[in-house]
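Reader: I would like a close look at one part of this structure, the packing of one pair of helices and the charged side chains around it. Please take it step by step.

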Amino acid sequence: MRLRAWWIVCLPIGSAAAQGTGRGSAPTLHDVLEIALRRNPDIVQARLRVDSAHGERRIARALPNPTYSGIPGNPYQYGVSLPIDVSPERWYRTRAASQGEAATRFAGQDVFRQVRFNVRAGFYDLLLADAQRRIAVEERDIFRQLLEADSVRLRAGDIPERDVVKTELEVARADAAVARADLAVHAARLGLQALMGMTDPDTGFVVTGLLDSTPELTAPTDSLLALSLANRPDLTAAQAQVDESHSLKSLATASLVPVPVVSVVYQHTPFESGLRYAFGVSLPVPLFYWNGGERQRANAGVAAADVGLERLHVQIESDVALALAGFRSARVLAERYQAGLLAKSTTALESTRFAYQQGAVSLLEMLDAVRTYGDTRAEYYGAVHDAWVAAYALSRAVGADIVRERGPE
């Protein structure tokens, strides 16, 4: 089942995201993943590599074709020869091809694992870019309202002109921030659609999702390493490559056993035996070359596969440890913002705006409150984004989905 669990039938879909979801609405993360797992170029190439490996297996299992020959002369002779491919070479050849196909399938599952993470990270990158753009637009609106109010107060002689100039400068900076945010959203949209395999990307592409909660795991953290060793497809692929290399080593030795070739010759006039048919058997003799190069190459392949498997074990332990540490730190930071920092910055801004309207605080204090409010919200959304991406990175390190799925947005 593990060999076929990742295999998803490629179905045609439209170029727009609404066509991909089939509902005519902005796709959720689940919808985006479904599209990506059908159309992502890396996954398509992985399927093609599996098809190629299956073809190699069929080649290895194929029986040799007979050879027909005609010998002109007096008398004219016809001959047919056929290798008897029942030697140990065939057994090791077919086994190595089967193990190679299995390794390719598991490598395809590993592509699936990487693409799932990349798509999820790209989805949350787009959510973050959208959130940061909303913050930039809100800050710009606040500065514009402030500029209108200060212009009225300037005409009334309540504030100096330098305050209005300062506010105009902040409006210009806010306009530039909105332009940069628009560019970031545009890049995030195109990046996510590229991961989805959409050949005609839409610059107005939107998704359904919120950066309003922190992720939860569905597996205890003390079992993650064991889960990763049991579920990582790249580890299974590396083990299959080790098995394949041992079969290739055995094949290099088994190739020394000659494959007999049986032949039959027919001619119109009888042979000395009185028959028009004559039978023969031929054997290749390893007289000058004993497959030394093949055996040396196979031994090196076994050693390389063993080293790769050992290194992957160490890499998996490192992946899980680093991903778990990153998830814990990101979630703690996001929860600190949710615990009250975001609400405090909102309250501080509202009280400062009211005090500024009453002339109780200076313009610099007002501008500082706006920046603090914007920075706090931006950092909060960034922390929630980082927590979700870190959780999905932990799923990638484990090789299984251990993040509790969110309900409908």
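Author: What follows deals with the contact of two helices, then with salt bridges, and ends with one loop residue.

The model is predicted. The two helices are α4, residues 88-155, and α9, residues 363-398. Their axes lie 9 Å apart and make an angle of about 170°. An angle over 145 degrees counts as roughly antiparallel, and α4 and α9 are therefore roughly antiparallel to each other. The residues of this contact comprise 21 nonpolar, four polar and nine charged ones.

A salt bridge also joins the two helices: the side chains of Glu 138 and Arg 377 meet at 2.3 Å, N to O. Glu 138 belongs to helix α4 and Arg 377 to helix α9, so the pair links distant parts of the chain, 239 residues apart. How do the two partners differ in exposure? Buried means under 20% relative accessible area. Arg 377, with a relative accessible area of 12%, is therefore buried, whereas Glu 138, at 28%, counts as partly exposed.

Helix α9 has a further link, this one to helix α5 (residues 161-195). Glu 170 forms a salt bridge with Arg 371, and the closest N and O atoms are 2.6 Å apart. Glu 170 lies in α5 and Arg 371 in α9, so the bridge ties together parts that are 201 residues apart in sequence. Here Glu 170 counts as buried because its relative accessibility is 3%. Arg 371 has 33% relative accessibility and so counts as partly exposed.

Other salt bridges share partners, and these join Asp 110, Arg 113, Arg 232, Asp 234 and Asp 319 into one network. Arg 90 and Asp 85 also form a salt bridge, with an N to O distance of 3.4 Å. Both of these residues are buried. The structure holds 17 salt bridges, among them the Glu 138 and Arg 377 pair and the Glu 170 and Arg 371 pair.

Away from these charged pairs, one loop residue deserves a note on its backbone. Asn 291 sits in the loop between β4 (277-282) and α8 (292-357). Its phi is near 55°, a positive value in a residue other than glycine. Most residues other than glycine have a negative phi. Asn 291 has 12% relative accessibility and therefore counts as buried.

Note on methods: Residues are numbered from 1 along each chain as its sequence is written. This is a predicted model: local features need pLDDT of at least 70, side-chain atom pairs count only at pLDDT 80 or more; totals for chains, interfaces and linings use all residues. Side-chain values use heavy atoms; hydrogens and water are left out. Helices (H or I, at least four residues) and strands (E, at least two) are DSSP runs, numbered from the N terminus. Buried means under 20% relative accessible area, exposed over 50%, partly exposed in between (1.4 Å probe, protein chains only). Axes are lines fitted to C-alpha atoms, for helices over the stretch in contact, and angles run from 0 to 180 degrees between N-to-C directions. Angles under 35 degrees count as roughly parallel, over 145 as roughly antiparallel, 65 to 115 as roughly perpendicular and the rest as oblique. Ala, Val, Leu, Ile, Met, Phe, Trp, Tyr, Cys and Pro count as nonpolar, Asp, Glu, Lys and Arg as charged, and the others, Gly among them, as polar. A salt bridge is a side-chain nitrogen of Lys or Arg within 4 Å of a carboxyl oxygen of Asp or Glu.
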